Amino acid sequence: MKLNTIDWVIIIFFLSLFAFIGVYVSKRAGKNTKEFFLSGRNMPWWLLGVSMVATTFAADTPGLVTELVRNDGVSGNWVWWALLLTGMLTVFFYAKLWRRSGITTDLEFYEIRYTGKSAAFLRGFRAIYLGVVFNIITMAGVCLAGAKIANILLGLSQEQTLIYSSIIVVFYASLGGLKGVLITDFVQFIIAMVGSVWATIYIVGLPEIDGLSALLTHESVRTKLNFFPDFNNTEALITLLIIPLAVQWWSTWYPGAEPGGGGYIAQRMLAAKDEKHATWATLFFNFAHYAIRPWPWIIVGLASLVIFPDLNSISNAFPGLNAEMQGDDVAYAAMMTYLPAGLIGIVMTSLIAAFMSTISTQLNWGSSYVVNDFYSRFINKEASEKQKVRIGRLSTVVLMIFAAWFSFYLQSAKDVFNLLLQIGAGTGLLFILRWFWHRVNPYSEIAAMVISFAIALFFFINGKLDTPMIELASHWQLVTGVVITTIGWIIVTLLTKPTVSDTINQFDSLVYAGKPKYEGFGLKIVAFIVGTLGVYATLFSIGSFIYGNTTKGLVLLLLGIISCVIIVKIIQRTD
């Protein structure tokens, strides 16, 4: 499609604004690593919470939701809705612990919780494993989604898209550090939400859709509306609901939903003003991410079934789309071609913003590992703060190059989602227990990472073979990885010695502030349950209002409000 002048003006204005923010905060960000990676540990909860939400709104997220809706209906979203339990666990059990630790990156955890050469090795190994390997895979998925969107909306090739976007995002991410990322995230989140909601309203009003009532009663849509899978369909029930809720949420490590917290979520908790701000930031993130944001994408996904009922209809409409880039995830971008001048400029800006906010966060987070947990820890312990910042900026460029390159080996948003879940399968329980179970040691973590990665690599290569060695559905691959990895690291834990008691006592004294580690556990469990139910109630309340079921919507909304009141009371009591 061809953009009008007004569209280009909107896009160029916001890109210039993002670049200006990076330049404006670059002087302060370049002072030292605390400023570059943690913004001076003085950030308010609302800015950190919005940044968490903006980061998890990647360019591939609308495509993933659209793909899930087209294939499995609204209930297909349980594969990621189930991760709310992980997020709520972090809010009430781990947010304060992370902030009290006072570390710069979550990988420093290893040398305050464990001791000796094995702890140092684990920290360095995981810096490369997560900050480089895992991070590149995550960013590659976002790059692929961005390339698909640009191909449909702008007619750009994957190579052109990645060259242009990489230059822009690396420019401001390498200059402004975390503060630049946080400020641009705030602006990008507003643009993204305005764009997605406005676009949804316009698309529902298209003559081909003929309004919300017509959409919801369309023959291709009405069977896709249920919040839960058909309980008479055993395969769908196991795949979409039972495995995510019974296994996936506590057993897998996924960016933005790490059991016990971690990654860029931990980075923002560590950057908070204090423990209270860390808790509220994470709570806001989980509420906005799961309850508020999904519905515009879900509605567009349902509308796409009317205009593009199958992949052939998409291929016919966009003959220039490469065969390797075709899939149900491109239906979201395809629907955006129906938007008018001005609105398409805002939506394009929102999608660019989503791409940039995620990539910039991943780059800053990944480079923090490279600098703090690898370079200055093992290569140059005497490095000055200026040298560390320079290495951080250099690693930002290198990570972006490799992420763009690897994106050519991926095919769809769902493939990336499954791959990331598989890599982290079986490690989640370890990350939950290591704060409380003293037997967990560095060898436990090393075993978990090696086993889970080996299994994920096997299934990834197996899936690319013309004749796979094993025919196994993705959800059973996940369960296999969880079982083997969990059994493996538990056996290693029981066969090896725990960390020396002095180190464990110092760790407990630091993160529990001298209080009993299980103090207030009962209230936290109540908050976890109430918070989870409250967010789900709000999510389905919005859905019920959209479906025209006002009574059900009001009842669920009331449950959501009551849950919020209870949570606020509990947080105040446990301060």
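What radius of gyration would a compact globule with 575 residues have, and what radius does the protein have? A compact globule of that length would have a radius of gyration near 25 Å, and the protein has 23 Å, which agrees. The model is a predicted one. Along the principal axes, its C-alpha atoms fill a box of roughly 70 × 55 × 50 Å. The fold comprises 25 helices and 0 strands.

Several totals describe how the chain is packed. Of the 575 residues, 61% are buried. Among contacts between residues at least 6 apart in sequence, 86% join residues at least 24 apart. The accessible surface comes to about 21,900 Å², and carbon and sulfur atoms account for 66% of that surface.

The interior can be approached through the largest nonpolar core, which has 174 residues. The residues with the most contacts inside this core are Trp81, Phe92, Tyr94, Met336, Ile359 and Trp435. Helix 8, spanning residues 117-154, gives the most to the core, with 16 residues. Trp81 shows which parts of the sequence meet there: leaving aside neighbours within four places in sequence, Trp81 is in contact with Val74, Phe227, Tyr290, Pro294, Ile298, Tyr536, Leu539 and Phe540.

Helix 8 also contains Gly146. Gly146 counts as buried because its relative accessible area is 12%, and buried means under 20%. The C-alpha atom of Gly146 is 9.3 Å from that of Ala354, although 208 residues separate the two in sequence. A contrasting pair is Leu495 and Thr279, which are 216 residues apart in sequence and 36 Å apart in space, C-alpha to C-alpha. Leu495 is found in helix 22, residues 474-495, and counts as exposed because its relative accessibility is 71%.

Another buried position is Thr66, in helix 4, which covers residues 61-72. The relative accessible area of Thr66 is 0%, so Thr66 is buried. Beyond its neighbours within four places in sequence, Thr66 is in contact with Trp297, Gly301, Ser304, Asp328, Ala331 and Tyr332.

Two helices can be followed from end to end. Helix 21 runs over residues 442-464 and has 23 residues. From its first C-alpha to its last, helix 21 reaches 33 Å, close to the 33 Å expected at 1.5 Å a residue. Asn441 caps the N-terminal end of helix 21, with a side-chain oxygen 2.8 Å from the backbone nitrogen of Tyr443. Along helix 21, the buried residues are Pro442, Ser444, Glu445, Ile446, Ala447, Ala448, Met449, Ser452, Ile455, Ala456, Phe459 and Asn462. When reading such a list, one may recall that an α-helix has 3.6 residues a turn, so residues three or four places apart point the same way.

Helix 24 has 27 residues, from 521 to 547, and reaches 39 Å between its first and last C-alpha atoms, close to the 39 Å expected at 1.5 Å a residue. Gly548 follows helix 24 and has a positive phi, near 90°.

A positive phi also appears at Asp210, where the angle is about 70° although the residue is not a glycine. Asp210 lies in the loop between helix 9 (158-204) and helix 10 (212-217). Is Asp210 buried or exposed? Asp210 counts as exposed, because its relative accessibility is 58%.

Conventions. Residues numbered from 1 in each chain as written. Predicted model: local features only at pLDDT ≥ 70, side-chain atom pairs only at ≥ 80, totals over all residues. Heavy atoms only, no water. Helix = DSSP H or I, 4+ residues; strand = E, 2+ residues; numbered from the N terminus. Expected span 1.5 Å × (residues − 1). Buried < 20%, exposed > 50% of the residue type's maximum accessible area, 1.4 Å probe, protein only. Polar contact = N/O pair within 3.5 Å; in protein donor to acceptor, adjacent residues only side chain to side chain. Rg over C-alpha atoms; globule rule 2.2 N^0.38 Å. Contact = heavy atoms within 4.5 Å. Areas by Shrake-Rupley, 256 points an atom, 1.4 Å probe, with all protein chains shown as cover. Core = buried A, V, L, I, M, F, W, Y, C linked by side-chain atoms within 4.5 Å.
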